[in-house]
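Biologist: I am new to this structure. Please take one part, the inside of the fold, and walk me through it closely. Short sentences will do.

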Amino acid sequence: MRITDWDSNQIILKEFGKRVRDSRIAAGYSQSELAERAGVAMNTLVRLEKGENTAFENVLNVLRALGNLSNVELLISEQTLRATDIADGRKKTQRVSRTRKNASTKNGWVWGEDRPEGK
(Lines give C-alpha, C1' and ligand atoms only; values in the text may rest on other atoms or scores of the structure.)
Protein backbone atom coordinates (compact mmCIF):
# COMPACT_ATOMS: atom_id res chain seq x y z
CA MET A 1 0.00 0.00 0.00
CA ARG A 2 1.25 3.45 -0.84
CA ILE A 3 0.82 5.99 1.97
CA THR A 4 -0.71 9.29 0.85
CA ASP A 5 -1.47 12.66 2.43
CA TRP A 6 -5.16 11.72 2.48
CA ASP A 7 -4.76 8.58 4.59
CA SER A 8 -5.86 8.82 8.21
CA ASN A 9 -3.30 8.44 10.98
CA GLN A 10 -4.87 5.09 11.88
CA ILE A 11 -4.41 3.74 8.35
CA ILE A 12 -0.80 4.95 8.30
CA LEU A 13 -0.07 3.37 11.71
CA LYS A 14 -1.55 0.05 10.53
CA GLU A 15 0.57 0.12 7.37
CA PHE A 16 3.68 1.09 9.32
CA GLY A 17 3.07 -1.78 11.75
CA LYS A 18 2.68 -4.21 8.86
CA ARG A 19 5.95 -3.01 7.38
CA VAL A 20 7.74 -3.40 10.72
CA ARG A 21 6.36 -6.94 11.04
CA ASP A 22 7.36 -7.82 7.46
CA SER A 23 10.87 -6.40 8.04
CA ARG A 24 11.21 -8.37 11.28
CA ILE A 25 10.20 -11.61 9.58
CA ALA A 26 12.49 -10.94 6.59
CA ALA A 27 15.38 -10.37 9.04
CA GLY A 28 14.58 -13.69 10.74
CA TYR A 29 13.73 -12.28 14.17
CA SER A 30 10.96 -13.42 16.46
CA GLN A 31 9.05 -10.69 18.26
CA SER A 32 10.89 -11.41 21.50
CA GLU A 33 14.30 -11.32 19.75
CA LEU A 34 13.59 -8.00 18.08
CA ALA A 35 12.15 -6.48 21.24
CA GLU A 36 15.31 -7.47 23.11
CA ARG A 37 17.62 -6.16 20.37
CA ALA A 38 15.66 -2.88 20.26
CA GLY A 39 15.54 -2.52 24.03
CA VAL A 40 11.77 -2.21 24.09
CA ALA A 41 9.15 -4.23 25.92
CA MET A 42 7.55 -7.10 24.04
CA ASN A 43 4.13 -5.43 24.47
CA THR A 44 5.52 -2.28 22.84
CA LEU A 45 6.62 -4.21 19.75
CA VAL A 46 3.28 -6.04 19.60
CA ARG A 47 1.41 -2.71 19.75
CA LEU A 48 3.69 -1.24 17.08
CA GLU A 49 3.10 -4.18 14.74
CA LYS A 50 -0.66 -3.93 15.32
CA GLY A 51 -0.58 -0.29 14.26
CA GLU A 52 -1.23 1.10 17.70
CA ASN A 53 0.32 4.30 18.98
CA THR A 54 3.70 4.12 20.72
CA ALA A 55 6.44 6.59 21.63
CA PHE A 56 8.55 7.77 18.71
CA GLU A 57 11.69 6.81 20.63
CA ASN A 58 10.49 3.20 20.58
CA VAL A 59 9.95 3.41 16.83
CA LEU A 60 13.52 4.67 16.41
CA ASN A 61 14.88 1.84 18.56
CA VAL A 62 13.03 -0.79 16.53
CA LEU A 63 14.12 0.73 13.22
CA ARG A 64 17.72 0.80 14.45
CA ALA A 65 17.54 -2.87 15.45
CA LEU A 66 16.15 -3.73 11.99
CA GLY A 67 18.87 -1.72 10.24
CA ASN A 68 16.34 0.76 8.84
CA LEU A 69 17.13 3.84 10.92
CA SER A 70 18.70 5.68 7.99
CA ASN A 71 15.27 5.66 6.32
CA VAL A 72 14.09 8.20 8.90
CA GLU A 73 15.99 10.70 6.75
CA LEU A 74 13.17 10.33 4.21
CA LEU A 75 10.48 11.46 6.67
CA ILE A 76 11.42 15.12 6.55
CA SER A 77 14.22 16.76 4.65
CA GLU A 78 16.85 18.98 6.19
CA GLN A 79 16.29 22.62 5.31
CA THR A 80 19.36 24.08 3.64
CA LEU A 81 20.23 27.40 2.08
CA ARG A 82 20.40 27.75 -1.66
CA ALA A 83 23.64 28.98 -3.22
CA THR A 84 21.95 32.28 -4.09
CA ASP A 85 20.92 32.78 -0.45
CA ILE A 86 24.50 32.22 0.68
CA ALA A 87 25.80 34.63 -1.96
CA ASP A 88 23.32 37.25 -0.73
CA GLY A 89 24.60 36.78 2.84
CA ARG A 90 21.33 35.31 4.11
CA LYS A 91 21.19 32.97 7.06
CA LYS A 92 18.88 30.03 7.67
CA THR A 93 15.60 31.19 9.21
CA GLN A 94 15.45 30.23 12.87
CA ARG A 95 11.77 30.95 13.49
CA VAL A 96 8.74 32.57 11.98
CA SER A 97 6.99 35.43 13.69
CA ARG A 98 3.88 37.26 12.72
CA THR A 99 3.08 40.88 13.46
CA ARG A 100 0.27 41.12 15.95
CA LYS A 101 -2.69 43.29 15.29
CA ASN A 102 -3.56 45.42 18.27
CA ALA A 103 -6.62 43.63 19.62
CA SER A 104 -8.00 46.82 21.12
CA THR A 105 -8.08 48.61 17.75
CA LYS A 106 -9.70 45.71 15.93
CA ASN A 107 -13.18 46.93 16.82
CA GLY A 108 -12.30 50.63 16.88
CA TRP A 109 -11.94 51.03 20.65
CA VAL A 110 -8.59 52.01 22.22
CA TRP A 111 -7.35 52.81 25.71
CA GLY A 112 -6.97 56.48 26.49
CA GLU A 113 -3.15 56.38 26.53
CA ASP A 114 -3.12 54.56 23.18
CA ARG A 115 -5.13 57.24 21.40
CA PRO A 116 -3.33 59.48 18.95
CA GLU A 117 -2.76 62.96 20.34
CA GLY A 118 -5.54 65.43 19.73
CA LYS A 119 -8.36 62.89 19.93
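Modeller: Start with one term. Two residues touch, or are in contact, when heavy atoms of theirs lie within 4.5 Å. Keep in mind too that this is a predicted model.

First, the setting. The chain has six helices and zero strands. From the N terminus on, its elements read α-α-α-α-α-α. Of the 119 residues in the chain, 20% are buried. About 10000 Å² of the chain is exposed, and carbon and sulfur atoms supply 50% of that area. Now take the contacts between residues at least 6 apart in sequence: 41% of them join residues at least 24 apart.

Next, the core itself. The largest nonpolar core has 12 residues. They are V20, L34, A35, A38, V40, L45, L48, V59, V62, L63, A65 and L66. Three elements, α2, α3 and α4, each give two or more residues to this core. The largest share, five residues, comes from α4.

Take one core residue as an example. V59 belongs to this core. Leaving out residues up to four places away in sequence, V59 touches F16, L48 and T54. L48 is a core member as well.

Now go helix by helix, starting with α2. This helix spans residues 31–38, and its buried residues are L34, A35 and A38. These buried residues sit on the same side of α2, because they cover an arc of only 100° around the axis. A general rule helps here. An α-helix has 3.6 residues a turn, so residues three or four places apart point the same way. On the other side of α2, E36 and R37 are exposed. What lies over the buried side? The cover includes α1 (9–27), α3 (42–50) and α4 (56–66). After α2 comes G39, with a positive phi near 75°.

Helix α3 can be read in a similar way. Its buried residues are T44, L45, L48 and E49. Seen down the axis of α3, they fall within an arc of 130°, so they line one face of the helix. The cover over them includes α1, α2 and α4. Just after α3, G51 takes a positive phi of about 90°.

Two of those buried residues in α3, L45 and L48, are listed in the core. T44 needs its own look. T44 lies in helix α3. Its relative accessibility is 11%, so T44 counts as buried, the cut-off being under 20%. T44 touches T54 and N58, again leaving out residues up to four places away in sequence. T54 also touches V59 of the core.

E49 brings in charge. The side chains of R24 and E49 meet in a salt bridge, with 2.6 Å from N to O. This pair links distant parts of the chain: R24 is in helix α1, E49 is in helix α3, and they are 25 residues apart. Both R24 and E49 are buried.

Other charged pairs can be set beside that one. The salt bridges number four. One of them joins E15 and R19, at 2.9 Å from N to O. Both residues lie in helix α1, four residues apart, which is about one turn of the helix. Is each of these two residues buried or partly exposed? E15 has a relative accessible area of 9%, so E15 is buried. R19 is at 38%, so R19 counts as partly exposed.

D22 and R21 form another salt bridge, with their closest N and O atoms 3.2 Å apart. D22 is partly exposed, at a relative accessible area of 32%. R21 is partly exposed too, with 32%.

To finish, step out to the surface. M1, I3 and I11 form a nonpolar patch there, with about 260 Å² of accessible area together. I3 sits in the segment before α1. At 33% relative accessibility, I3 counts as partly exposed.

Methods:
Residues are numbered from 1 along each chain as its sequence is written. This is a predicted model: local features need pLDDT of at least 70, side-chain atom pairs count only at pLDDT 80 or more; totals for chains, interfaces and linings use all residues. Side-chain values use heavy atoms; hydrogens and water are left out. Buried means under 20% relative accessible area, exposed over 50%, partly exposed in between (1.4 Å probe, protein chains only). The arc is that of the directions from the helix axis to the C-beta atoms. Patches are made of residues with over 30% relative accessible area and no salt bridge: like charges are joined within 9 Å, nonpolar side chains (Val, Leu, Ile, Met, Phe, Trp, Tyr) within 5 Å. Accessible areas come from the Shrake-Rupley method with a 1.4 Å probe; for residues, only the protein chains shown count as cover. A nonpolar core is a set of buried Ala, Val, Leu, Ile, Met, Phe, Trp, Tyr and Cys residues joined through side-chain atoms within 4.5 Å.
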